[in-house]
Amino acid sequence: MNTILTPLSVLIAVPLIGFLFTLLAKDDDTTAGRNVFSVAILTLVSNLFLLWRIALNLEPDQRGLQLLETYNWLSYPKIDLVFGIDMFSLLLIAAIHISLIISLAGIRRRDHTKKSLYALCLLFLAMVNGLLISADIYSFYIFFEAMLLPLFLLIGIFGDIKRQVIVSRFFIYNFLGAVFLFIATAVLYNHEGHSISLSAVSRLDLSPKLELCVWGAIFVSFLSRIPIWPFHYWISSINSAVRSPLVFNIVNLIPLTGVYGFIRYCPEAAPDNVSYYFYILEIIAIISMLFIALIGLINKDVQYKIFSFMTIYYIMYMLGALLPIDKILINIGFSLFAFIIITATLEMLTAYLEDEQDDKSIGAHGILCRVPKLSFVYSFLVLAAVGMPVSSLFLNNFVILSHLFGYNIRLGILIMFALLLVAGTLIQELYIFKDNSKITEDTVCIMDISTKMFGWLVFLLGALMITFINPLWFIGG
Amino acid sequence: MKTYYISLLPEISLFLGSLVMILTNHFRSTTTPKTYFTIAKVSIFLSLVLSVIFYNQSFWPEYFKNTPYTTASKVLMEILALVSCYLGCKWFLTKNRSSLSFYLSVTISVLLLSLGISAQNLLVMLGCLDIAFLLNIVFIKLYPDAEEVSPIMHRYIMGFFIMNIFCIMGLYLMHAHGIAYDFAAAKKAYAQITNPSFKEYLSVVLIIITLFYMLGIAPFHFWFANVQAVSILPVSMFLSFIPPVAYLSILINVLYNVFYPLFGTLHLFIIGCAVLSVILGAVGANSENNLKKLFAYVSLYNLGAVLLCLADFNAKGIFTGFVCLIVYILALLGIYTVLYAFKRKGDYVAEIGNLSGSSTVLPYASASFLIFLVSLLGTPPMLGFLGKLSIINYLIVQGSYAFIGIILMATLLLAYAFLKIIKTIYFDKNESGFDRVDKGVYICLTINLFLVLMSILNPSYLLHDAEPLLTTVL
């Protein structure tokens, strides 16, 4: 090991330490989960502070990963784990941390929160952080697969899924995807005789047959993480069944790992031999987008609507990442930053609404009518999600879409159509929530969010609005 | 000459340990399970220390030769025997049964296997192994249900005799072709044969089949899972570790130092058995609800993977096989230690279904079980990944892409079997409580977890100097 406890290693180490502290923390009826909650929040906030310090040391305009760290791990086969970060990874890590803080706040009032939930959440976070700062193929693969176990336990124990067999199948299916990446990684390693940086993979000189096999394996492994046909079933079955907002948000980070894989493995352009097959992928992606958007529109489950919204955006990001334009990546980063935070908050509030509906045994119609604070935040978030100019999502999505139009106008139109459908889905739901036509004086109302919570959420919305003006405001960029 | 006699001390220590146990049983009126455990522990530990001290000294070099390779194998075997004895004592204390037969058999078995590892003559080696294998009958008969064990015992004895007939036929065919039983002489004789006849091949294959049968390699594996299913936990643990380590060490020695000139044909035979073991191990694990039987199939899968590396007869193959073996042993050792922790009303849990809800009552043991299962699966960041990485990397270097596919598909199948266990532990509701776990079990678990976690952070702790040490067999 060249150095220990350098900033990037600490990004992985802090959640792991938090994980251990959470396991050791006292958690009984008297503490009511306060200890573990505090440990989890402290861990996330510490890492956010560390991220801010890292951000100050980054050159936003510099290409490639920065602050590289090498860890001499294995002598035979000789494998060095390399970590590095750029503004794109940093934005994603920050967004994930913020989304987890929001989700943790959202589940706190639920009675079944246990310390193992917080512990597994932190373990998952450590693995995701590892993935997002991986700079070579082996470290990327290790974290790509390692995140599956905490994910599996989170879904199985806390997802409130009735049919547990789908959880096992979900694991096996993702495990298969990881196996494909492992084969590709091992083959690439042996071809070169040493570990390869992620950005160098697309520039390797491979024979056409090998190139096709390796890239086929890489594509299958990343696609297995994105709910795209024929891989959509297991992810959608889990997403629509999960009831905990924290688990839902964590499960919805899985497609992000697939999109991120595409971005890192083909930063500029995939090899010519492989690019030929992009057309097939584009067709499948478009069909999946339209299909999922239509199901989201007709499905009555709010959870599924949010899932369809997230899926369509993830597929759009994937198609954007596959464009042979390097500059678009930072736009995807800015857009994803806002997207992850918006969807996490939206899901947290939706879960709150569903809990209140169950408690009061009332329907969804007009549920937001007599809760002004919740109504304001929820409406703002829906509008931000559908692309109104209130966050960095608007401008950056516009740039991504314009590039997609420039690349292939028919593709752009179809993506636009899918985005409109899914926007309609969310607005339709908002309309139902705010429809006061059936509200009378005697109608039972839900409880509004607390002023403290409202204050935090308004602060968050303010931060999102600032990202619309300057996405890198936090480092004065 | 004095040095030669002294180099026999490890074996003398084991022999004396057995003798003291018999004398204690005869002369001491009150004994507890701990009495025999203490004697076994002292004799095995002494043997371990003396083996290390006289690592390259041999009493009778024509028949028993010690090298760094044989010493490493013996040390590994004796450490595992010590752990098995320590945890076994917990079982005997809980059940309040006499432990004499168990510890006596363990000590004699370790002595015979130790001699077998050092053997330089096929006749002597197979003689030692035969007696050790026959001694397993004492293990099988130790306290299980008589009705259940009877047919398995008959099949075991029948299989033993059939394998012995094969072995004798093999040895006879060797003798008929004028090939000596001494390792060096036999290797030289095989090297001089330019076109080996069918009978010459047959003689070798029959001897290897005998070793495969003892090791429990497919398609000669059927006895192993059945015996594991009916054995008590200490016996099951002993049979899972000590004989396989010894047989594998002997197999490597015989393949490289006797049958190496017939590499071409043997390679195919070994590969075939290895692939079959990997597949049957993974498939078999999915069909089992009995935990000991399930892990017997997991052993079959892992031994198959190790054999796949050894089949190429080169130093890298031995090293890769060793890495896989160590990783698998550490994980399986953890699994068996956890099985000592899962106890309901004095009965050790045997079926997957009985583990339901253990995560809430025994969170530390359940989490450890999970870690060891994931390690066995080869999922990063657990230690098992090191084994998977080594073997896949080695197979890519060899260009054996089909075997990579087979191993990874088998891993998927194995994952499905393990998910059944994880699901029961973590997702199912608790039916009834578990007994309090012995502190000693927790200490063993913690040491094992520490080893697993430290080794994944820095694998050189585990594999330091392993390659030069292993290549002394060549």
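pLDDT is the predictor's confidence in each residue, from 0 to 100. This is a predicted model, in which local features need pLDDT of at least 70, side-chain atom pairs count only at pLDDT 80 or more, and totals for chains, interfaces and linings use all residues. Residues are numbered from 1 along each chain as its sequence is written, while chains are lettered from A and ligands numbered from 1 in the order in which they are written.

**Exercise 1. Confidence in chain A**

Find which elements of chain A have the lowest and the highest mean pLDDT.

Solution. Begin with the whole chain: the mean pLDDT of chain A is 85, and 95% of its residues reach 70 or more. Then go to the elements, where helices (H or I, at least four residues) and strands (E, at least two) are DSSP runs, numbered from the N terminus. Helix α12 (residues 272-275) of chain A has the lowest mean, 75, and helix α5 (residues 137-146) of chain A has the highest, 93. Where pLDDT is low, the predicted coordinates should not be read in detail.

**Exercise 2. Helix α11 of chain A**

Compare the expected span of helix α11 (residues 254-265) of chain A with the distance between its end C-alpha atoms, and state how many of its residues are buried.

Solution. The expected span of a helix is 1.5 Å times one less than its number of residues. For the 12 residues of α11(A) this gives 16 Å, and the end C-alpha atoms are 17 Å apart, which agrees. For burial, count other C-beta atoms, placed from the backbone, within 10 Å of a residue's own: 20 or more is buried, 12 or fewer exposed, and in between partly exposed. By that count 12 of the 12 residues are buried, so α11(A) is largely enclosed by the rest of the structure. Among them are A:P255, A:G258 and A:R264.

**Exercise 3. The environment of A:N35**

Decide whether A:N35 is buried, partly exposed or exposed, and list the residues that A:N35 touches.

Solution. A:N35 belongs to helix α2 (residues 34-57) of chain A. With 19 other C-beta atoms within 10 Å, A:N35 is partly exposed. Contact requires C-beta atoms, placed from the backbone, within 7 Å. Leaving aside residues up to four places away in sequence, A:N35 touches A:A25, A:K26 and A:D27. The C-alpha atoms of A:N35 and A:F21 are 9.7 Å apart, with 14 residues of separation along the chain.

**Exercise 4. The strand pair of chain A**

Describe how β1(A) and β2(A) are arranged.

Solution. Two strands pair if DSSP finds at least two bridges between them. Strand β1 (residues 66-74) of chain A is joined to β2(A) by 6 bridges, and the two run antiparallel. They form a hairpin with 4 residues between them. A:T70 stands opposite A:V82 in β2(A). Strand β2 (residues 79-85) of chain A has 6 of its 7 residues buried.

**Exercise 5. Backbone geometry in loops**

Locate the cis peptide bonds at B:P219 and B:P381, and the positive phi values at A:S361 and B:N96.

Solution. The bond from B:A218 to B:P219 is cis, with omega near 5 degrees; B:P219 sits in the loop between α9 (198-215) and α10 (222-230) of chain B. The bond from B:P380 to B:P381 is also cis, with omega near 5 degrees, and B:P381 is in the loop between α16 (363-377) and α17 of chain B. Phi of A:S361 is near 50 degrees, in the loop between α15 (328-360) and α16 (372-386) of chain A. Phi of B:N96 is near 55 degrees, in the loop between α4 (68-95) and α5 (100-118) of chain B.

Technical notes
Contact = placed C-beta atoms within 7 Å.
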